[in-house]
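Me: I would like a close look at how the helices of this protein pack against one another and what sits around the packing. Please take it slowly and in one connected answer.

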Amino acid sequence: MELADAARGAFDWIGSVAVEVDGGLGWLEDGMLADDLYSGTAGVLAGCAEAAAAGLGPARVSAGARARLLQLAARGPDVATLPDDGLFSGWAGVALALRAWSRAAGDAAASSAAGQVTSQIAGRILRAAAGPPEYTDVICGDAGILLALIADDSGAAVRAAHVLAGRLAEAAEPGPGSGGLQWRMAADREYLMPGFSHGTAGVAYALAAAGRALNRGDLVDVATRGACALLAIGDRPGGWAVPLAIPPRPGGQPAAYGWCHGPAGTVRLFLLLNEIDPEPRWQHAIDACLQALRESRLPLRLYPGYWDNLARCCGTAGVGQLLLDRYQATGDTALLDWAGTLAADVADRATSTPRGVTWSNTEHTRTPPELPAEPGFMQGAAGIAGWLARLHALRALRALGSRPDIAPRPGPSWL
């Protein structure tokens, strides 16, 4: 299946499972309307933004998702389906999706609505009582909200960003390595998850990004200490990968390789620190993360339960997105070819239906093992299709002899 056809077919299927809701189109998760970035409307619009930037914009789906989010932004939290301000769980993801769509489509109304949402988030933070974060992580906690705030240069957003950055820095625990720091997702959690989605890599990334945006070297220093803790636990033969959890969970995998818990996500921290202050140790860590992905032999399913996911959070599309980023940054065509190999496997695993194209992730302990197909961004068709559309566009540019860096993606570099 051609990549462009797979991407178009995926958005056809996404449109077929949409429901008419107040303001536009919505999507269901477990029978409930979801508007978040992870599984719901915001994630669908983020995937549409990537496809639109690649010249494959799905008109009906993007118009419906955009209209829904614009109405949510206008009406505010009292009438929305979003539970919190989290980046993947709540309002911060709405702002991210609207900004991505604005960049892809030149949509001033979407940009204005994103600012409105961010302003509301900032106001809630500034009015709240001081105290430690309930959650520190990128998915639903302070680190993710901080990333949304620093994308907005309004006075309230900047003040709120300083508040969140300060309490994240204060929530750090001593970690391995000389002066290393680490973060627990919540104070009462037994396990530490070092990776990007729920742990040290994501929190340190957010602090480094905030340090650069807010001109605060102290935050970059704290982020660097988080990276030092990761370096102390991650080096291993065949590349670099952190443990999935500390202490290891009984029966759990020793390491993962996706965006959420593996080198495809953690490398984002090393890339950012290398941009801020280039050092050999950061480049070594970047190279080691890519080597770990090579040595993992993905997308081969080496045994039941190994590499059963095709999506952006935990699977192939998230790794492929990193490879496209590195191709655009370096011009190394081997990375584009590697992404093509991953995409060919994903296309081979697609399910074609009369309503379009979709994918199912797998849980090997279930019978049957195929999980229900999802429309969303992080575990479903929108995220996969956005990546495939971007790969299609970059291949076309390569065939024309164009520089890879002339096609920036609308979403942030860490996503």
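Reply: What follows goes through the helix packing, then the core, then some loop residues.

The model is predicted, and every value below was computed from it.

Start with α13 and α14. Helix α13 covers residues 333–348, and its axis lies 11 Å from that of α14, at an angle of about 135°. Angles over 145 degrees would count as roughly antiparallel, and 65 to 115 as roughly perpendicular; α13 and α14 are therefore oblique to each other. The crossing of α13 past α14 is left-handed. On the α13 side, the residues that meet α14 are Thr333, Leu336, Asp337, Ala339, Gly340, Leu342, Ala343 and Val346. Their partners in α14 are Ile384, Trp387, Leu388, Leu391, Leu394, Arg395 and Arg398. Sorted by class, this contact of α13 with α14 holds 10 nonpolar, two polar and three charged residues.

Ala344 also belongs to α13. Its relative accessible area is 39%, so Ala344 is partly exposed. Between the C-alpha atoms of Ala344 and Ala148 there are 33 Å, with 196 residues separating the two along the chain.

The second pair is α3 and α4. Helix α3 spans residues 59–75, and the axes of α3 and α4 are 11 Å apart at an angle of about 130°. These two helices are therefore oblique as well, and α3 passes α4 in a left-handed crossing. From α3, the contact uses Ser62, Arg66, Leu69, Leu70, Leu72 and Ala73; from α4, it uses Trp91, Val94, Ala97, Leu98 and Trp101. By class, the contact of α3 with α4 comes to nine nonpolar residues, one polar and one charged.

Two residues of that contact, Arg66 and Trp101, also touch Asp107. Asp107 sits in the loop between α4 (91–105) and α5 (108–127). With a relative accessibility of 11%, Asp107 is below the 20% limit and so counts as buried. Apart from neighbours within four places in sequence, Asp107 is in contact with Arg66, Trp101 and Ser102. Gly411 is 304 residues from Asp107 in sequence, while their C-alpha atoms are 14 Å apart.

The third pair is α9 and α10. Their axes come within 11 Å and cross at roughly 135°, which makes α9 oblique to α10. Here too the crossing is left-handed, with α9 passing α10. Val220, Ala223, Thr224, Ala227, Leu230 and Leu231 make the contact from α9, and Thr266, Leu269, Phe270, Leu273 and Ile276 make it from α10. The contact of α9 with α10 has nine nonpolar and two polar residues, and no charged ones.

Phe270 leads on to the core. The largest nonpolar core has 142 residues, and those touching the most other members are Phe88, Leu149, Leu207, Trp259, Phe270, Trp359 and Trp414. Helix α14, residues 381–399, gives this core its largest share, 11 residues. Trp259 can be followed in detail. Setting aside residues up to four places away in sequence, Trp259 touches Phe88, Val138, Ile139, Phe196, Ser197, Ala264, Gly265, Arg312, Cys313, Met378, Trp414 and Leu415. Phe88 and Trp414 thus appear both among the residues with the most core contacts and among the contacts of Trp259.

The loops hold some backbone exceptions. Most residues other than glycine have a negative phi, and most peptide bonds are trans. The bond between Ile246 and Pro247 is cis, with omega about -5°; Pro247 lies in the loop between β7 (239–240) and α10 (263–276). Leu298 and Pro299 are also joined by a cis peptide bond, with omega near 10°, and Pro299 is in the loop between α11 (280–295) and α12 (316–330).

Asp30 is not a glycine, yet its phi is positive, about 55°. It lies in the loop between β2 (24–29) and β3 (32–34). At a relative accessible area of 78%, over the 50% limit, Asp30 is exposed. Asn215, likewise no glycine, has a positive phi near 60°. Asn215 is placed in the loop between α8 (200–214) and α9 (217–234), and its relative accessible area of 69% makes it exposed.

Notes: Residues are numbered from 1 along each chain as its sequence is written. This is a predicted model: local features need pLDDT of at least 70, side-chain atom pairs count only at pLDDT 80 or more; totals for chains, interfaces and linings use all residues. Side-chain values use heavy atoms; hydrogens and water are left out. A nonpolar core is a set of buried Ala, Val, Leu, Ile, Met, Phe, Trp, Tyr and Cys residues joined through side-chain atoms within 4.5 Å. Buried means under 20% relative accessible area, exposed over 50%, partly exposed in between (1.4 Å probe, protein chains only). Helices (H or I, at least four residues) and strands (E, at least two) are DSSP runs, numbered from the N terminus. Contact means heavy atoms within 4.5 Å. Axes are lines fitted to C-alpha atoms, for helices over the stretch in contact, and angles run from 0 to 180 degrees between N-to-C directions. Angles under 35 degrees count as roughly parallel, over 145 as roughly antiparallel, 65 to 115 as roughly perpendicular and the rest as oblique. A crossing is left-handed if the near helix is turned anticlockwise from the far one by less than a right angle, and right-handed if clockwise. Ala, Val, Leu, Ile, Met, Phe, Trp, Tyr, Cys and Pro count as nonpolar, Asp, Glu, Lys and Arg as charged, and the others, Gly among them, as polar.
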